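User: Please take a close look at a single part of this model, starting from one side chain and its neighbours, and then follow the contacts outward into the rest of the chain. I would like one connected account, with distances and burial given where they are available.

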Amino acid sequence: MRDIAVFTGSAHPELAAEICDHLGVPLLPTRTSRFANDCIEVQLQGNCRERDVFLIQPLVPPVQENLVELLFMLDAARGASAGRITVVLPHYAYARSDKKDAPRISIGGRLVADLLQTAGAHRILAMTLHSPQVHGFFSVPVDHLHALRELAHHFRGYDLSNAVVVSPDLGNAKEAAAFARLLGIEVAAGAKQRFADDKVVISSVIGEVADRDVIVLDDEIAKGSTVFELLARLRERHVRSVRVACTHGLFSADAVARLSAEKDIEEIVCTNTVPIPAHQHTDKLTVLSVAPALAEAMRRIHNGESVSALFA
């Protein structure tokens, strides 16, 4: 892969390094500095001219800092005559802002997509977008991966004879159904209403969960409000055990500790699309790597091969 150049920003260099290990290419250095007036400057310290450039940067806290750094990386690559620039977004935080559900608010998911394209992105490689319509916010090609295979491989190590996948809401039910098919088990879903960022109500669970081993599947967990609400409904239905799985383990504040403290929760499984600080790790937390999947997608993009074949 002689003509490939991979750079990363400050958001998650460990994941970028692991991806490069799988690709067998070096992770080229990036220098980010800050002027006295708080403006940043980004320099890509590797040759980009006519090369296939990949910029790896999940939009994780501090989201705005990492977004601006990514925009500057894009502009630098474009100015350095890159042949093609692909943004690898393991986590697209603004995907949650996908609709106008109140007066006079912006649709952040679309606006940030426009910014990335204006800055120079020719292609986007994303992992588990919050909602399918976000794909349509981009006018450049988007390869949308999901982590269901990695999660399914992990859960196949358990006895699933009495298991059921539960989606916290109907919006995620399609992904949960696909996950359940991979495991060969049934699926159920919660009837959820969100009243604020940390205020949700799940009125009921649709499907058979009584005396079952439940695998809760969501795309991301931040404060954990949805999981705690769903856990209350599952207790009412006397489930046998609960394991929680998600792609993006954002785990703001003390979410991991609070979830781990719940005696009904046997395990919390996420992937490494976002960095998880060492102090947040508990005995119940399992982190799976998506680096092989992202590396293979990048290899296929570079070689002009089908990325959708990864899901066959």
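Analyst: Leaving aside residues up to four places away in sequence, valine 290 touches Met127, Ala147, Thr271, Asn272 and Thr273. The model is a predicted one, and the values below should be read with that in mind. Valine 290 sits in the loop that runs between strand 14 (285–288) and helix 8 (291–303), and with a relative accessibility of 0% this residue counts as buried, because the limit for that class is under 20%. A long stretch of chain is bridged here as well: the C-alpha atoms of valine 290 and isoleucine 19 are 271 residues apart along the chain, yet 8.6 Å separates them.

Two of these neighbours, Met127 and Thr273, lead on to histidine 248, since both are found among the contacts of valine 290 and among those of histidine 248. Histidine 248 belongs to strand 12 (residues 241–249) and is buried, with a relative accessible area of 1%. Beyond Met127 and Thr273, the contacts of histidine 248 include Pro90, His91, Thr128, Asp219, Glu220 and Ile221, again without counting residues up to four places away in sequence. Two polar partners can be named for the side chain of this histidine: the side chain of threonine 273, with which it makes a polar contact at 2.8 Å, and the backbone oxygen of threonine 128, which lies 3.0 Å from a polar atom of the histidine side chain. Threonine 273 therefore has a double role in this account, as a neighbour of the buried valine 290 and as a polar partner of histidine 248.

A further buried position gives a comparable picture of its own surroundings. Threonine 226 lies in helix 6 (residues 225–236) and counts as buried at 7% relative accessibility. Its contacts, once residues up to four places away in sequence are left out, are Pro168, Lys192, Arg194, Val200, Ile202 and Asp218. The C-alpha atom of threonine 226 is 7.9 Å from that of valine 201, although the two positions lie 25 residues apart along the chain.

From these individual sites one can turn to the nonpolar cores. The largest of them holds 37 residues, and Phe7, Leu74, Tyr92, Leu116, Ile124 and Phe138 are the members with the most contacts inside it. Two or more residues each come from strand 1 (4–8), strand 3 (40–44), strand 4 (52–56), helix 2 (63–79), strand 5, helix 3 and strand 6, and helix 2 contributes the most, with seven residues. Leucine 74 shows how such a member is packed: not counting residues up to four places away in sequence, it touches Leu55, Ile85, Val87, Leu116, Ala119, Gly120 and Ala121. Another core, of 27 residues, lies apart from this one and includes Val166, Val227, Ala255 and Leu285.

The aromatic rings add a further set of links, and three aromatic pairs are found in the whole structure. One of them is a tilted pair formed by tyrosine 92 and phenylalanine 138, with 5.7 Å from centre to centre and 50° between the planes. This pair joins distant parts of the chain, 46 residues apart, with tyrosine 92 in the loop between strand 5 (84–89) and helix 3 (108–119) and phenylalanine 138 in the loop between strand 6 (123–127) and strand 7 (142–145). Both tyrosine 92 and phenylalanine 138 are buried. Phenylalanine 155 and phenylalanine 179 form an edge-to-face pair, at 6.1 Å centre to centre and 80° between the planes. Since phenylalanine 155 lies in helix 4 (residues 148–155) and phenylalanine 179 in helix 5 (residues 173–183), this pair ties together parts that are 24 residues apart in sequence. Phenylalanine 155 is buried at a relative accessible area of 0%, and phenylalanine 179 is buried with a value of 0%.

Ring pairs bring Phe155, Tyr158 and Phe179 together into a cluster, and arginine 243 lies over the face of tyrosine 158, 4.0 Å from the ring centre. Within helix 5, the buried residues are Ala176, Ala178, Phe179, Ala180 and Leu183, and the helix is followed by glycine 184, which has a positive phi near 70°.

How values were computed. Residues are numbered from 1 along each chain as its sequence is written. Side-chain values use heavy atoms; hydrogens and water are left out. Rings of Phe, Tyr and Trp (its six-membered ring) pair if their centres lie within 6.5 Å; planes under 30 degrees apart count as stacked, over 60 as edge-to-face and the rest as tilted. Helices (H or I, at least four residues) and strands (E, at least two) are DSSP runs, numbered from the N terminus. Buried means under 20% relative accessible area, exposed over 50%, partly exposed in between (1.4 Å probe, protein chains only). A charge sits over a ring if NZ of Lys or CZ of Arg is within 6 Å of the ring centre and within 35 degrees of the ring normal. A nonpolar core is a set of buried Ala, Val, Leu, Ile, Met, Phe, Trp, Tyr and Cys residues joined through side-chain atoms within 4.5 Å. Contact means heavy atoms within 4.5 Å. A polar contact is a pair of N or O atoms within 3.5 Å; within protein, one must be able to donate a hydrogen and the other to accept it, and residues adjacent in sequence count only if both atoms are side-chain atoms.
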